[in-house]
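Hi everyone, thanks for coming. Please have a look at the structure on the screen, and then I'll walk you through a few places in it.

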Amino acid sequence: MASTSKVNFYEEEEDDEEEELEHFDDFTLASSWERFISDIEATCRQWLADGPKNLLAKGAVQVDSSKNIYKVKSDLKNITRSYCMEYHFEINSSGKVVDWNYPLHDLQLCFGVKDFLVISPQSASGVVLNSPEGSKLLSAVAIALTNCSSLWPAFVPIHDPSRKAYMGIQNMGTVFTRRFEADHIGSQVPIKFMHLEGLHELFLSKFAYSLLDHSTHLFKVHFTMKLTYRTLHYDDDDDDIQGADADNVGPGADLDGHSSNKTQWDDDCPWSEWYSAEDPVKGFDLIATWSEKVVESSLEMAEIENVSPHDAEKWILSPNIAPNLSKGNRIGFASQLSLLVNALEMSYEAQFLEDFVSVENPGSDTLKSSLVIPPSTVVDRVLKDLFLEGMKIPDLAKGKHKNSRAIKGAPLQSLFAQFCLHSLWFGNCNIRAIAVLWIEFVREIRWCWEESQPVPKMSSNGSIDLSTCLINQKLQMLAICIEKKRELNEEFEDCIGSQDDAFDHMEEQGRVGERSNDLHPSSRDSVAECNSHLTTDGFHESKVIMSRFSMNREDIPSADPEPSNSLRRGSAGPVGSMKLLKSYQSLHAPFTQDAPLMTEDMHEERLQAVEASGDSFNFSAQLEREVLSSDMSAFKAANPDAVFEDFIRWHSPGDWENDETEGSSSSGNLNVEGVKEDWPPRGRLSLRMSDRGNLWRKIWNDAPALPVYEQKPILDPNREGEKVLHFLETLQPHQLLEQMVFTAFRAAADTLNQTKHGGLKQMNTKIEQLYRTIASALSPLRANQFQGNSEIFEDLRRLCVVFERVEKLLTLAASLHRKFLNAPRLSEAFFSDYHDFYLPAMGMSSVDIDNEKEFGTKQQLRMNERQVVSNMFRPPTANQSWRKVLSMGNLLNGHEPILREIVFSLRDSISGNHYAASTPEGYQQEIETHRMYICGTSNDLRVALSVTSCD
């Protein structure tokens, strides 16, 4: 018993201590819900104290729907579940609750609020599934906001997320409270609510007595409306929907599909020969807004429903840009150039192109399985396009940019450039397909040589352009050799015919013995006729003399008026007042042969030989011996009495040193009268020409007096042509691919440069920068620093990314230009906005682009631009009639709006002396008692209601 009583004593003592501890801290009496309210209050007080500027500094996040709205959030925990509370605030308030031109948050638009709170459960749905829980949650927030004297409205998402339903509350001071409610009907919208009259009655039912007839009682309701129209996609399957309206694009364009067989929007764009690009502008959204007006009856609403959108106060246009323009890759020049870079990387694995297609190659099985060669029919079609359909001499300046010469490729319209462009799309531009196509290409080139047929897409006149790639130079050399070869064959046949005619004529006259005297001029003329192109194509007059004395062919007499004991041959006429030193006869300029054509590698060989020799003057003369000997022979024939000094005065004036006394007489016109006493002129050869062992004098002594038409041609077309073919047939794979990369980038850029985009300055700048970037990135190719350097291949792939950016921008510029030919301001504005949006991604890899950010821009239309945009909404045809239900009114060329947004509001005047001083100033004179936002189409309807009540 004693032990038992003792135990009871201790137990009673412990109970007393526990009871004292329970009353020690009053906070333990607070419920979990009260602690939850306290957490909300503490968070709100902190946000109020910080203000917008400090919240931005602490990491507030911008809301996607608006550039002016930011949000911060805080996690809250209750006993049963966790919540997330977000505070949305504006940094620059516009002062207007509803502004259709201003990007607003969904809740701002629905309820006409500015800064607000949203509290939602942290669950998969993110909504409160039943109204009682939502009401309880709002009560907690309202108590917390009242405790911290905040007038922020608070919202709770309820029901299913697809309904976008909310309930909310706002304490507006000591008297008024606003309650919010929003819900959505996703299907089976009553016909009554498809029209403005029914929606007006719906709003009236929220405050008028139900027994009243709304049509007989007038309520001054404030009304504003926004209608959104959308054009049909420009890539629609219907033939009637092709591009912009004919009235919009101007004369000469036919984009409506009625009289044209065009099936693609870019059929007349320069890249359409190689690929068809997706139209980056899928359509346009036109927003027509009406300013606020007062409506007193439903009949007025019925009249407004029949009003034309042209009567709207503002028209705002927004383009729908294809998402893949800024996200992901697409087929174009850039994608194929990237494949060509891969082929270049593989080209170093073999020594000959045949190794990539040979069956005996050990690695051919791996290549065959991964790299497919197109069938022979495709090869034949490509070769036909290159050789049979390209016989016309191309315009090499077409599409040429001022910076394109910095890229050592071939001109766009040349044969090799066209081969490279075909290769981009041949067999997906793999190394095996390129090797097969090149082998067949060289076979066709050899056939042209053997059959003396002109090389298509190559000029056979003029000099070789050393600024192009070596393959293009070789093809140009071959074209010239074929032309020379054809001329020689034709001249030989003509000579044979003329000699037969001359022999028959001599037999009839019976004066064969006098042939050398009587027929010498005629025989010479017949030989000259055999060389019918000497004065224009094959030979030329001295460029030095022509430039020095500014002579024209029309001003040169055909014969020397002065008597001469020797007959001149091959003379182009006298050279000003210059006279021969010995005979005082006029010095005549001869017709001379063209200098031998040389490609880049031939020039390099000669320079290396000169460097190895050391004596550049004599060695250069030795290298040019044939040319110099030909010029001397022609000069002797045109000036039979000439001496070596006369040739130097004509051919190399810098090597003839005049005395001071001759300067005045030689500068004027030398007349026959009164001048012979001063003859010969006082002068001498230069030191290098007066040397006894001078090579020029030796060549002069050995050169016969032959006019140009009797000389052997300097250029041997047969020998040079075979050299070119040997070069093409033995070209190593990496040498071919390196030059293909140069030419493909240049040709692709030149093709895009032909695009008509309205002269956009930003686009012109990007194209110019692209050429410079290409030239800079390809510079290691010219320096032979390519093989085995992986960094250079990565640079080339980055170059392809940059090329893709510019290509996409150019596609957008072309599309906008076509659609706004009569409203260029809009195309410039839309492109400028997209350029600024896209600029951060220029030059970066695709992984650096923010794919979450979407482009959105709007332009308010001027009155003269409305008709241009209206023409884009062409009336629906019979094939498209099923698309539209036509049930909402306010039709634009037969198109109903895809979205209609309406705001009804009812306002009431109040007296300010009944309310406390904390009542907001905006509510002192007039208060919005009811407000309804309606958004919907013929298939769905969303209604948001706010009601102000006096508690």
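**Two helices side by side**

Helix 26 and helix 29 are roughly parallel to each other. This is a predicted model, so please keep that in mind as we go. How do people describe a pair like this? Two packed helices are described by the angle between their axes and the distance between the axes. Here, the axes of helix 26, residues 733-753, and helix 29, residues 790-819, cross at roughly 15° and come within 11 Å. The crossing is left-handed.

Which residues meet there? From helix 26 we have Phe745, Ala748, Ala749 and Leu752, and they meet Leu799, Cys800, Phe803, Glu807 and Leu810 in helix 29. Sorted by class, that contact has 8 nonpolar residues, no polar ones and 1 charged.

Next, the cysteines. How many disulfides does a search of the whole structure find? The number is 0. As a reminder, a disulfide is a covalent bond between the sulfur atoms of two cysteines. Take Cys935: the closest cysteine sulfur is in Cys110, and at 7.7 Å that is too far for a bond. Cys935 is buried, with a relative accessible area of 16%. Cys448 is buried too, at 5%.

My last stop is Arg230, in strand 8, which covers residues 221-230. Is Arg230 buried or exposed? Somewhere in between: Arg230 is partly exposed, with a relative accessible area of 37%. Leaving out residues up to four places away in sequence, Arg230 touches Phe284, Asp285, Asn320, Phe873 and Ile898. Also, Arg230 and Pro319 are 89 residues apart in sequence, yet their C-alpha atoms are 9.6 Å apart in space.

Notes: Residues are numbered from 1 along each chain as its sequence is written. This is a predicted model: local features need pLDDT of at least 70, side-chain atom pairs count only at pLDDT 80 or more; totals for chains, interfaces and linings use all residues. Side-chain values use heavy atoms; hydrogens and water are left out. Axes are lines fitted to C-alpha atoms, for helices over the stretch in contact, and angles run from 0 to 180 degrees between N-to-C directions. Helices (H or I, at least four residues) and strands (E, at least two) are DSSP runs, numbered from the N terminus. Angles under 35 degrees count as roughly parallel, over 145 as roughly antiparallel, 65 to 115 as roughly perpendicular and the rest as oblique. A crossing is left-handed if the near helix is turned anticlockwise from the far one by less than a right angle, and right-handed if clockwise. Contact means heavy atoms within 4.5 Å. Ala, Val, Leu, Ile, Met, Phe, Trp, Tyr, Cys and Pro count as nonpolar, Asp, Glu, Lys and Arg as charged, and the others, Gly among them, as polar. A disulfide is a pair of cysteine sulfur atoms within 2.5 Å. Buried means under 20% relative accessible area, exposed over 50%, partly exposed in between (1.4 Å probe, protein chains only).
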